[in-house]
Amino acid sequence: MKESISAFGDRLRAVSPMFYRAHRSYLISLQAMARIGRTSVTLENTTELPLARGEIR
């Protein structure tokens with residue numbers, strides 16, 4: 001069954017509020033975040049993911 005990342009994120013957050021959609025392509029576990037920068041999120045495994053422009057404040 002195919003579903004959008006938005007629908008999957010909604011179902012996931014209904015079970016656990018520990019997920020955040022940082023970009024249209026990424027759902028991130030808050031427990032896996034090591035650092036939040038101005039334009040990106042760094043995970044504990046050093047993977048760097050972009051933040052959506054609307055999320056940059």
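**Figure 1. The largest nonpolar core brings together seven residues.** In this predicted model, the members of the core are A22, I28, M33, V41, L43, L49 and L51. As a rule, nonpolar side chains in soluble globular proteins tend to be buried together. Take a moment to find M33, one of the seven. Which residues does M33 touch, if we leave aside its neighbours within four places in sequence? They are Y20, I28, V41, T42, L43 and E44. Among these contacts of M33, you can spot the core members I28, V41 and L43.

**Figure 2. Strands β1 and β2 form a hairpin.** Strand β1 covers residues 19–23, and strand β2 covers residues 26–29. How many bridges join β1 to β2? There are four, and the two strands run antiparallel. Two residues lie between the strands of this hairpin. To see the pairing up close, look for H23, which stands opposite Y26 in β2.

**Figure 3. L27 sits in strand β2 and is partly exposed.** L27 counts as partly exposed because its relative accessibility is 23%, and the buried class ends at 20%. Now compare positions in sequence and in space: L27 and G9 are 18 residues apart along the chain, while their C-alpha atoms are 6.9 Å apart. G9 is also in the list of residues in contact with L27, together with I5, F8, L12, R13, Y20 and R21 (neighbours within four places in sequence are left aside).

**Figure 4. S40 is a buried residue in strand β4.** This strand takes in residues 40–43. Is S40 buried or exposed? S40 is buried, because its relative accessible area is 8%, under the 20% cut-off. The side chain of S40 makes a polar contact with the side chain of E48, at 3.1 Å. Without neighbours within four places in sequence, the contacts of S40 are R35, E48, L49, P50 and L51. Two of these names, L49 and L51, may be familiar from the nonpolar core.

**Figure 5. T46 lies in the loop between β4 and β5.** The second of these strands, β5, spans 48–50. T46 counts as exposed because its relative accessible area is 65%, over the 50% cut-off. What is special about the phi of T46? This angle is near 75°, a positive value in a residue other than glycine. For comparison, most residues other than glycine have a negative phi.

Methods:
Residues are numbered from 1 along each chain as its sequence is written. This is a predicted model: local features need pLDDT of at least 70, side-chain atom pairs count only at pLDDT 80 or more; totals for chains, interfaces and linings use all residues. Side-chain values use heavy atoms; hydrogens and water are left out. A nonpolar core is a set of buried Ala, Val, Leu, Ile, Met, Phe, Trp, Tyr and Cys residues joined through side-chain atoms within 4.5 Å. Buried means under 20% relative accessible area, exposed over 50%, partly exposed in between (1.4 Å probe, protein chains only). Contact means heavy atoms within 4.5 Å. A polar contact is a pair of N or O atoms within 3.5 Å; within protein, one must be able to donate a hydrogen and the other to accept it, and residues adjacent in sequence count only if both atoms are side-chain atoms. Two strands pair if DSSP finds at least two bridges between them.
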